[in-house]
Amino acid sequence: MEQSTQENEAIVSRVYEEALGLDGDLARMNEVQRVVYLVEHLMQEVNSGASFEQYFRWASIDELGQILPALRRLGLDSAAAIVESAMHSAFPDGIPGSDEEMPDPPAWSGDQEVELARLFGEFEELNGHVTNVLGRFVSRSAA
């Protein structure tokens, strides 16, 4: 399991805080802020709840629609595959079309909860790698 560097953690944290200052409004963020926000929000929510359930409760429909392209753009194909599997498990009929259509709170069957927790176990191993990739992305974008 790859460990994140303190430098990359600081870079990602700084840009994520900038994006949070824009109230999570993806349209107001520049490209770097948007990618960091999408990926770091995923990481924080999934890891805080030890499952994807937490992320799916708090991510907007817009975020859910943009997370897979953001992960793939960064070359995080393994992470994207896990997130895509989690989405299919959580939303077998497809992601709701709008935030208003999302059940509040979303509810999952026992089988879905078990699958989401299993996928978190796979995803958790990528934490350090994802942070390092994000940090390098920010550094390259600033150059």
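What is the volume of the largest pocket? In this predicted model, the largest pocket has a volume of about 180 Å³. Its lining is made up of Phe56, Arg57, Trp58 and Ala59, together with Asp99, Met102, Pro103, Asp104, Pro105 and Pro106. Sorted by class, the residues that line the largest pocket comprise 7 nonpolar and 3 charged ones, with no polar residue among them. Such spaces can be found in a coordinate model because rolling a probe the size of a water molecule over the atoms shows where empty space is left.

From the pocket we may turn to the charged side chains. Side chains of opposite charge can pair when their charged atoms come close, and a search of the whole structure finds 7 salt bridges of this kind. A convenient place to begin is helix α1, which spans residues 6-20 and holds both Arg14 and Glu18, two residues that are 4 apart, or about one turn of the helix. Glu18 forms a salt bridge with Arg14, and the closest N and O atoms of the pair are 3.1 Å apart. Both partners are partly exposed, since the relative accessible area of Glu18 is 35% and that of Arg14 is 45%.

Further along the chain, Asp23 forms a salt bridge with Arg28, with 3.9 Å between the closest N and O atoms, a value that still falls within the 4 Å cut-off for such a pair. Here the two partners fall into separate accessibility classes: Asp23, at 66% relative accessibility, counts as exposed, whereas Arg28, at 47%, counts as partly exposed.

A further salt bridge joins two helices. Arg72 pairs with Glu84, and their closest N and O atoms are 2.9 Å apart. Because Arg72 lies in helix α4 (residues 61-73) and Glu84 lies in helix α5 (residues 77-90), this pair ties together parts that are 12 residues apart in sequence. Arg72 is partly exposed, with a relative accessible area of 40%, and Glu84, at 30% relative accessibility, likewise counts as partly exposed. Beyond these pairs, salt bridges that share partners join Glu115, Arg118 and Glu122 into one network.

Which helix holds both partners of the bridge between Glu18 and Arg14? Both lie in helix α1, while the bridge between Arg72 and Glu84 runs from helix α4 to helix α5.

Methods: Residues are numbered from 1 along each chain as its sequence is written. This is a predicted model: local features need pLDDT of at least 70, side-chain atom pairs count only at pLDDT 80 or more; totals for chains, interfaces and linings use all residues. Side-chain values use heavy atoms; hydrogens and water are left out. A salt bridge is a side-chain nitrogen of Lys or Arg within 4 Å of a carboxyl oxygen of Asp or Glu. Buried means under 20% relative accessible area, exposed over 50%, partly exposed in between (1.4 Å probe, protein chains only). On a 1 Å grid over the protein atoms alone, a cavity is a set of points where a 1.4 Å probe fits but cannot get out, and a pocket is an open set with protein on both sides within 12 Å along at least five of seven lines; lining residues have an atom within 4 Å of a point. Grid points are joined across faces, edges and corners, and a volume is the space filled by probe spheres set on the points. Ala, Val, Leu, Ile, Met, Phe, Trp, Tyr, Cys and Pro count as nonpolar, Asp, Glu, Lys and Arg as charged, and the others, Gly among them, as polar.
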